[in-house]
Amino acid sequence: MKIEKNHEQITSNQNDLNSIKFSIDSSESAVPLLIDFLARLYPNPKQTLLFEYVSNAIDSHTVAGKGDVPIEICLPNKMSPFYKVRDFGIGMDHEEVRKIFSVALKSTKRDSNSTIGGFGVGKLVFSPYCGVMFLTTWKNGEKTIYQCRLKDGDGEITPIHNEKSNEPQGVEIKIPVSEYDFQFFKDRAKYSYSFLKTKPIIKSDVGIELGYDSHIDTDNFSILKNKEIYDITDTNSIATVGNIPFPINCGNLSWSYKYKSLLSYRPIVLKFGVGEVDITPSRDQLEYSEKTIDAITKKLDEMKEYLSSFIQKE
């Protein structure tokens with residue numbers, strides 16, 4: 001996802017003094033504080049990790065030209081108390097794990113809206129949930145398993161196994177899940193993954209059927225028959241960004257906003273491409289900037305025009 005930057009030129013009459021750029025203290029004592037701060041961006045890590053690692057997997061498939069190949073998701077149960085996401089994309093070798101995955105704020109996705117990520121902090125979302133994650137990589141005929149440990153900003157990525165392998169290239173993340181959270185993951189799987197263009201293969205001890213019933217379904221919006229698919233949220237309407245759902249919080253819209261009543265009482269899905277709206281760094285909700293509100297308004301204007309034309313034809 002392209003990260004927009006605003007640069008303002010400021011004039012000064014202090015010709016003998018140079019501007020000073022802000023920077024980040026990279027000393028040994030400061031780095032854990034920064035990483036801990038970034039990891040705490042997630043107010044609801046359970047919900048966010050359901051999206052974050054799937055987004056990374058989809059991005060990997062996009063870069064590898066495998067957008068039509070499904071990723072695999074394993075939901076936790078008593079026999080296997082782990083949440084797992086396996087992709088078959090570009091994979092990572094040891095140097096990529098060291099130089100990219102292990103570095104907070106490091107991202108290779110800031111120059112294009114063809115990928116969902118870009119902030120370089122999503123990899124840390126396992127930390128506030130449980131502090132431990134297992135990362136398996138397949139690349140160049142090698143399989144390597146790492147234990148990732150990160151708590152209170154302090155941790156490391158340790159290779160624990162390496163072997164030759166002819167398995168498909170890619171990455172798997174494996175996160176231990178508390179038994180108390182098993183049902184949480186199962187309840188939210190349908191909401192989290194039903195809007196993905198290429199439906200993932202979900203492995204679970206209960207049947208989970210992805211998809212939704214709609215009165216009208218277009219490339220720009222859907223009007224659902226009911227909100228059963230996202231009844232777990234406190235909203236009636238959602239926005240999908242790169243096919244990842246985000247609730248539309250009408251409380252963040254002006255009381256005089258012309259479509260507020262429509263969004264509050266109708267199960268509507270507005271579909272946006274990556275970069276069309278702003279998302280908070282915590283990646284669990286929309287950022288209600290002028291850009292986002294304008295994009296929502298434009299999409300609803302298009303929906304209104306479509307429905308008017310549809311009714312006239314009928």
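Q: Let's start with V171. Where does V171 sit in the secondary structure?
A: In this predicted model, V171 belongs to strand β6, which runs over residues 170–176.

Q: How do I tell whether V171 is buried or exposed?
A: Look at the relative accessible area; under 20% means buried. V171 has 13%, so it counts as buried.

Q: And which residues does V171 touch?
A: When you look for contacts, skip the sequence neighbours up to four places away. With those set aside, V171 touches V85, R86, D87, G91, M92, L135, T136, T137 and W138. You can also check a C-alpha distance: V171 and I145 are 26 residues apart along the chain, and their C-alpha atoms are separated by 9.9 Å.

Q: Okay, what about E72: where is it, and is it buried, partly exposed or exposed?
A: E72 is in strand β1, residues 72–74. Its relative accessible area is 21%, and buried would need a value under 20%, so E72 counts as partly exposed.

Q: Which residues does E72 touch?
A: Again leaving out residues up to four places away in sequence, E72 touches K84, V85, R86, F88, I201 and K203. Try a distance here too: E72 and E172 are 100 residues apart in sequence, with 9.1 Å from C-alpha to C-alpha.

Q: I201 was on that list. What can I say about the next residue, I202?
A: I202 is in strand β7, residues 201–203. Outside its neighbours within four places in sequence, I202 is in contact with I73, L75, Y193, I208 and L210. Its C-alpha atom is 8.7 Å from that of I71, and those two residues are 131 apart along the chain.

Q: How much of the contact in the protein is between residues 24 or more positions apart?
A: Take the contacts with a separation of 6 or more. Residues 24 or more positions apart account for 66% of them.

Q: Can we zoom out? How many helices and strands are there, and what share of the residues is buried?
A: The secondary structure comes to seven helices and twelve strands. Of the 314 residues, 45% count as buried.

Q: Now helices. How do the axes of α2 and α5 cross?
A: To read a crossing, you ask how close the two axes come, and at what angle. Helix α2 covers residues 45–63 and helix α5 covers residues 182–193; their axes come within 10 Å and cross at roughly 50 degrees. That angle makes α2 oblique to α5. As for handedness, the crossing is right-handed.

Q: Which residues make that contact?
A: From α2 you have K46, Q47, L49, L50, F51 and V54, and from α5 you have F184, F185, R188, Y191, S192 and Y193. Sort the residues of this contact by type and you get eight nonpolar, two polar and two charged.

Q: How many aromatic pairs does the structure hold?
A: There are seven aromatic pairs. For each pair, you check the distance between ring centres and the angle between planes. Take Y257 and Y259: their ring centres are 6.2 Å apart and their planes are at 75 degrees, so this pair is edge-to-face.

Q: Are Y257 and Y259 buried or exposed?
A: Y257 has 13% relative accessibility, so it counts as buried. Y259 has 9%, and it counts as buried too.

Q: Which residues do ring pairs link into a cluster?
A: The cluster is made of Y83, Y129, F184 and F185. You've already met F184 and F185 in the contact of α5 with α2.

Q: Last topic: backbone angles. What is notable about phi of N140?
A: Check the sign of phi, then the residue type. N140 has phi near 55 degrees, a positive value in a residue other than glycine. N140 is in the loop between β3 (132–139) and β4 (142–151). With a relative accessible area of 61%, N140 is exposed.

Q: And what is phi of N243?
A: N243 isn't a glycine, yet its phi is positive, at about 70 degrees. N243 lies in the loop between β10 (238–241) and β11 (244–247). Its relative accessibility is 30%, so N243 counts as partly exposed.

Q: One more loop: where is G207, and is it buried or exposed?
A: G207 is in the loop between β7 and β8, where β8 is 214–217. G207 is exposed, with a relative accessible area of 83%. From G207 to K186 it is 9.5 Å, C-alpha to C-alpha, and 21 residues in sequence.

Technical notes:
Residues are numbered from 1 along each chain as its sequence is written. This is a predicted model: local features need pLDDT of at least 70, side-chain atom pairs count only at pLDDT 80 or more; totals for chains, interfaces and linings use all residues. Side-chain values use heavy atoms; hydrogens and water are left out. Axes are lines fitted to C-alpha atoms, for helices over the stretch in contact, and angles run from 0 to 180 degrees between N-to-C directions. Helices (H or I, at least four residues) and strands (E, at least two) are DSSP runs, numbered from the N terminus. Angles under 35 degrees count as roughly parallel, over 145 as roughly antiparallel, 65 to 115 as roughly perpendicular and the rest as oblique. A crossing is left-handed if the near helix is turned anticlockwise from the far one by less than a right angle, and right-handed if clockwise. Contact means heavy atoms within 4.5 Å. Ala, Val, Leu, Ile, Met, Phe, Trp, Tyr, Cys and Pro count as nonpolar, Asp, Glu, Lys and Arg as charged, and the others, Gly among them, as polar. Rings of Phe, Tyr and Trp (its six-membered ring) pair if their centres lie within 6.5 Å; planes under 30 degrees apart count as stacked, over 60 as edge-to-face and the rest as tilted. Buried means under 20% relative accessible area, exposed over 50%, partly exposed in between (1.4 Å probe, protein chains only).
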